[in-house]
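Open the model in your viewer and get ready to make a few selections. We will go from stop to stop together.

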Amino acid sequence: MSDGLCFEDLSVGLTASFGKTITEADIVLFAAVTGDTNPMHLNADYAKSTVFGERIAHGMLAAGLITKVLGTQLPGPGTIYMSQSLKSRAPVRIGETVTATVEVMALHPEKHRATLRTVCAVRGTPVLEGEALVSVPSRAMRLAQQQQAAE
């Protein structure tokens, strides 16, 4: 695993992405973990009678891919999620690949925070769009953590 980026390494426009194909198992496991057993996600007969005509993934399952990017790539380990806004644009169906992309929009050096554009897309079409605010370790903070771990 990468140590991630420090606040000082960030620049406006920097991006990172992660894609995952959503499976039946993902939906069932997400329902089990969250308790969201809405039949739209789990019951094919029920879902046929809806506007979508078939089962769809939980919106927050797709949004969860954003946390993968934040916690492992951009900025990476040590990032603290402070807030997230989201607008749903389209459903995600079983078998579709969702790509979560994070882009640095603004830097707030006084508190080592970054505002990030967050998008989840299927075949290039946004299914979720939003904005996140994160706290990012500074170089000095990361060094102090590494020294403490070594003791």
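Two strands count as paired here if DSSP finds at least two bridges between them. Keep in mind along the way that this is a predicted model.

**Stop 1: the hairpin of strand 4 and strand 5**

Select strand 4 and strand 5 together with the turn that links them. The hairpin has two residues between its strands, and Arg 123 takes a positive phi near 50 degrees. The two strands run antiparallel and are joined by 10 bridges. To check the register, show Thr 115, which stands opposite Leu 133 in strand 5.

**Stop 2: the other partner of strand 4**

Now add strand 3 to the selection. Strand 3 pairs with strand 4 in the antiparallel sense, over 10 bridges. Here Glu 103 is the residue to show, as it stands opposite Arg 117 in strand 4. These strands also form a hairpin, with four residues between them. In that turn, look for His 112, whose phi is positive, about 55 degrees.

How many of the 10 residues of strand 4 are buried? Eight are, so this strand is mostly covered, with buried meaning under 20% relative accessible area.

**Stop 3: the largest nonpolar core**

Next, colour the largest nonpolar core, which has 28 residues. Those with the most contacts inside it are Ile 22, Leu 74, Val 92, Val 98, Val 102, Leu 116 and Cys 120. The elements that give two or more residues to this core are helix 4 (59-72), strand 3 (97-108), strand 4 (113-122) and strand 5 (125-135). Which element gives the most? Helix 4 does, with seven residues.

Zoom in on Leu 116 and show what surrounds it. Leaving aside neighbours within four places in sequence, its contacts include Leu 70, Pro 75, Val 102, Val 104 and Met 105. Also in contact with Leu 116 are Gly 130, Ala 132 and Val 134, among others.

**Stop 4: helix 1**

Finally, select helix 1, residues 24-34. Its buried residues are Asp 26, Ile 27 and Ala 31. They lie on the same side of helix 1 because they cover an arc of only 130 degrees around the axis. What covers these buried residues includes strand 1 (15-21), helix 2 (39-42) and helix 4.

Turn the view to the face of helix 1 directed away from its buried side. There you will find the exposed residues Leu 29, Ala 32 and Val 33. Just after the helix comes Gly 35, with a positive phi near 85 degrees.

Methods
Residues numbered from 1 in each chain as written. Predicted model: local features only at pLDDT ≥ 70, side-chain atom pairs only at ≥ 80, totals over all residues. Heavy atoms only, no water. Core = buried A, V, L, I, M, F, W, Y, C linked by side-chain atoms within 4.5 Å. Buried < 20%, exposed > 50% of the residue type's maximum accessible area, 1.4 Å probe, protein only. Contact = heavy atoms within 4.5 Å. Arc of directions from axis to C-beta.
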